[in-house]
Amino acid sequence: MPELRKELGDGIFEVKSTAGNNHLEHAFSTARAAGSRTILNPAPARGGLSQLLSHVDVVVPNEHEHALLDLDGVDVTVVRTEGAAGAVANPGGHELRQPSF
């Protein structure tokens with residue numbers, strides 16, 4: 001599954017959601033079992049990705065993708081990109097805003 005993988009330094013695993021959910025679930029659970037932090041970029045926007053969130057540490061959706069995800073009761077850090085307005089993150093329940101640059 002090398003086309004699904006993108007390693008971002010030691011212990012970090014990031015994947016875009018272009019593959020099927022079964023492949024993504026396997027990739028994320030394998031990365032987590034190996035001790036990696038996992039990041040999901042849910043692009044392109046589509047439904048059915050919420051089931052993956054139990055295997056994800058950080059999800060980075062845009063506003064449209066965010067609306068498609070069911071984030072209720074999920075312990076995941078969300079970094080929502082907002083185009084020219086920047087990004088909003090919620091680590092530990094605290095809202096952080098980053099203006100665009």
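I will start with one residue, Gly83, which is exposed, with a relative accessible area of 58%. The cut-off for calling a residue exposed is over 50%, so Gly83 qualifies. Keep in mind that this is a predicted model. Gly83 sits in the loop that joins strand S4 (77-81) to strand S5 (87-89). In sequence, Gly83 and Ser100 are 17 residues apart, while their C-alpha atoms are 7.5 Å apart in space.

Now the overall layout. The protein has 101 residues, and 37% of them count as buried. There are 2 helices and 6 strands. Read from the N terminus, the order of elements is β-α-β-β-α-β-β-β. The protein exposes about 6000 Å², and 52% of that comes from carbon and sulfur atoms. Taking the contacts with a separation of 6 or more, 27% are between residues 24 or more positions apart.

Next, helix H1. It covers residues 21-33, which is 13 residues. At 1.5 Å a residue the helix should span 18 Å, and the end C-alpha atoms are indeed 18 Å apart, so the two values agree. Which residues of H1 are buried? They are Asn21, Leu24, Ala27, Phe28 and Ala31. Looking down the axis of H1, these buried residues fall within an arc of 125°, so they line one face of the helix. The general background is that an α-helix has 3.6 residues a turn, so residues three or four places apart point the same way. On the face of H1 turned away from the buried side are the exposed residues Asn22 and Ala33.

Two backbone details come next. Just after H1, Gly35 has a positive phi of about 90°. Further along, the peptide bond from Ala43 to Pro44 is cis, with omega near 0°. Pro44 belongs to the loop between strand S2 (37-41) and strand S3 (58-59). For context, most residues other than glycine have a negative phi, and most peptide bonds are trans.

Last, Thr38, which is part of strand S2. Is Thr38 buried or exposed? Thr38 is buried, with a relative accessible area of 0%. Buried means under 20%, so Thr38 meets that cut-off. What lies 2.8 Å from a polar atom of the Thr38 side chain? The backbone oxygen of His55 does.

To recap, Gly83 is an exposed loop residue, H1 has its buried residues along one face, and Thr38 is buried in strand S2.

Definitions and conventions: Residues numbered from 1 in each chain as written. Predicted model: local features only at pLDDT ≥ 70, side-chain atom pairs only at ≥ 80, totals over all residues. Heavy atoms only, no water. Helix = DSSP H or I, 4+ residues; strand = E, 2+ residues; numbered from the N terminus. Buried < 20%, exposed > 50% of the residue type's maximum accessible area, 1.4 Å probe, protein only. Contact = heavy atoms within 4.5 Å. Areas by Shrake-Rupley, 256 points an atom, 1.4 Å probe, with all protein chains shown as cover. Expected span 1.5 Å × (residues − 1). Arc of directions from axis to C-beta. Polar contact = N/O pair within 3.5 Å; in protein donor to acceptor, adjacent residues only side chain to side chain.
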